[in-house]
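Visitor: I should like to learn how to read strand pairing, surface patches and cavities in a model. Please take me through them in turn.

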Amino acid sequence: MSGNSVQLQGKIVIAGVLQALTGLRIGGAGAGMEIGGVENVVVRDPVTNRPYVPGSSLKGKMRSLLTRALGKPLKTLVEPRRNSPAIRIHWCETEAEYRSGGRPCPLCRAFGVAGQRALEPVRLIVRDARLLEELEILDENGQPARKRWSEVNTDLPYTEVKWEAAIDVLTAAANPRPMERVPAGARFEVELLFSVYDADDREAFRTVLLGMRLLEDDYLGGSGSRGYGRVAFRDLRVMWKPVAHYLDPQKHPAVPLAEGRTVEEVIARFDELAARIPAFEGKQG
C-alpha cells in the first residue's frame, strides 16, 4: 500500500466482556478526593458516576506488552521533566524502518505511531468499556453467580476502599492510605474494531489478539505487582463487516466468525477465522 492509495476492505469487530478477576484501579481526576476521604480515586463517567475502562488505557497497556514481547526498540516520546519521568514507546519513523524485513511492522500498523509521523491509517480502535449491570461472584458452593449491583454492598457506589500501608523496615511505622478499586467480579462491555486494507493486515490482526492474551497474564491499571488489575476477556464475538456491508447491509450482511469464545480459543482458530476474510488473501472484501 502506498501512502497515496488506501482502500478500506472492511472491519473486524471484536465484542465481548472484560471481567475483573481481582480489584481494578484505573486512576481518575483528584476532584473526587473528598468523597469518603479516598485519596486515590478511580475514573468514573461524569454522567452516570459509574467506573469505566478508558479505551486509551486498554490499548496503551496492550501496546506496551507487545513492544516488550516483540523486542521492539524504544524511542523517547516525552522528555523527562521535574517530577515527571520520560515516556518511551516504539514507533517506526521511516518507510524503510517500517518495512524492514520485507513486511510492515505489525505493531505500528495495528496501533499507529506517535504524533504526525503516521505512515498509514491506524488499524485498531478500542472503545471505552462501560460497566455492565451485573457482576459475577462465587456463591457458597464456589460456583460463578451473577448479581446486580443493587444486590451487593460496596463502600462507595460500584467500588470498594482498600487500605494499604507503607511499612518502615527499621521502626515498623506505618503510613496507611485508602485506595478505591472496582471489586473483583465487575464486568465491562468491550469493543475493538480493526480496519483491514490489505493482506498484510492479517499479521497485524494476529498481533492484536496476542496483545489481548498477554494482558490476561499481566495486569490492567495501577498496583499490578500488589495483586490489582487481573482481567480476562469472556464471551468474545468476532465479526467481519466488508465495505459492501456499510453500503447495503441487507444485501451484504456481516459475517460471524466466532461466538462466545475466549482469547485462547480465537487464537487457536485463527487460520480458520482468517480464511473467511477475503481481504487477507489480497482479494476485494
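Visitor: Which residue does Lys11 stand opposite in β12?

Guide: This is a predicted model, and in it Lys11 faces Lys241 of β12. The two residues belong to a longer ladder: strand β1 (residues 10-20) and strand β12 (residues 231-242) pair in the antiparallel sense, with ten bridges.

Visitor: In which sense do β12 and strand β13 pair, and over how many bridges?

Guide: As a general idea, side chains in a regular strand alternate between the two faces of the sheet. Here, β12 pairs with strand β13 (residues 255-261) in the antiparallel sense, over four bridges. Within this pairing, Trp240 stands opposite Val255 of β13.

Visitor: Let us turn to the surface. Which residues make the nonpolar surface patch of about 200 Å²?

Guide: Leu77, Val78 and Ile87 make that patch. Val78 is placed in strand β3, which spans residues 75-78.

Visitor: Why does Val78 count as partly exposed?

Guide: The class lies between buried, under 20% relative accessible area, and exposed, over 50%. Val78 has 30% relative accessibility, and therefore counts as partly exposed.

Visitor: Now the interior. How many cavities of 30 Å³ or more does the structure hold?

Guide: A cavity is a space where a probe fits but cannot get out. The structure holds two of 30 Å³ or more, and the largest contains about 80 Å³ of space.

Visitor: Which residues lie nearest the centre of the largest cavity?

Guide: Eleven residues line the largest cavity, and those nearest its centre are Cys108, Gly112, Val113, Leu119 and Glu120.

Methods
Residues are numbered from 1 along each chain as its sequence is written. This is a predicted model: local features need pLDDT of at least 70, side-chain atom pairs count only at pLDDT 80 or more; totals for chains, interfaces and linings use all residues. Side-chain values use heavy atoms; hydrogens and water are left out. Patches are made of residues with over 30% relative accessible area and no salt bridge: like charges are joined within 9 Å, nonpolar side chains (Val, Leu, Ile, Met, Phe, Trp, Tyr) within 5 Å. Accessible areas come from the Shrake-Rupley method with a 1.4 Å probe; for residues, only the protein chains shown count as cover. A salt bridge is a side-chain nitrogen of Lys or Arg within 4 Å of a carboxyl oxygen of Asp or Glu. Buried means under 20% relative accessible area, exposed over 50%, partly exposed in between (1.4 Å probe, protein chains only). Two strands pair if DSSP finds at least two bridges between them. On a 1 Å grid over the protein atoms alone, a cavity is a set of points where a 1.4 Å probe fits but cannot get out, and a pocket is an open set with protein on both sides within 12 Å along at least five of seven lines; lining residues have an atom within 4 Å of a point. Grid points are joined across faces, edges and corners, and a volume is the space filled by probe spheres set on the points.
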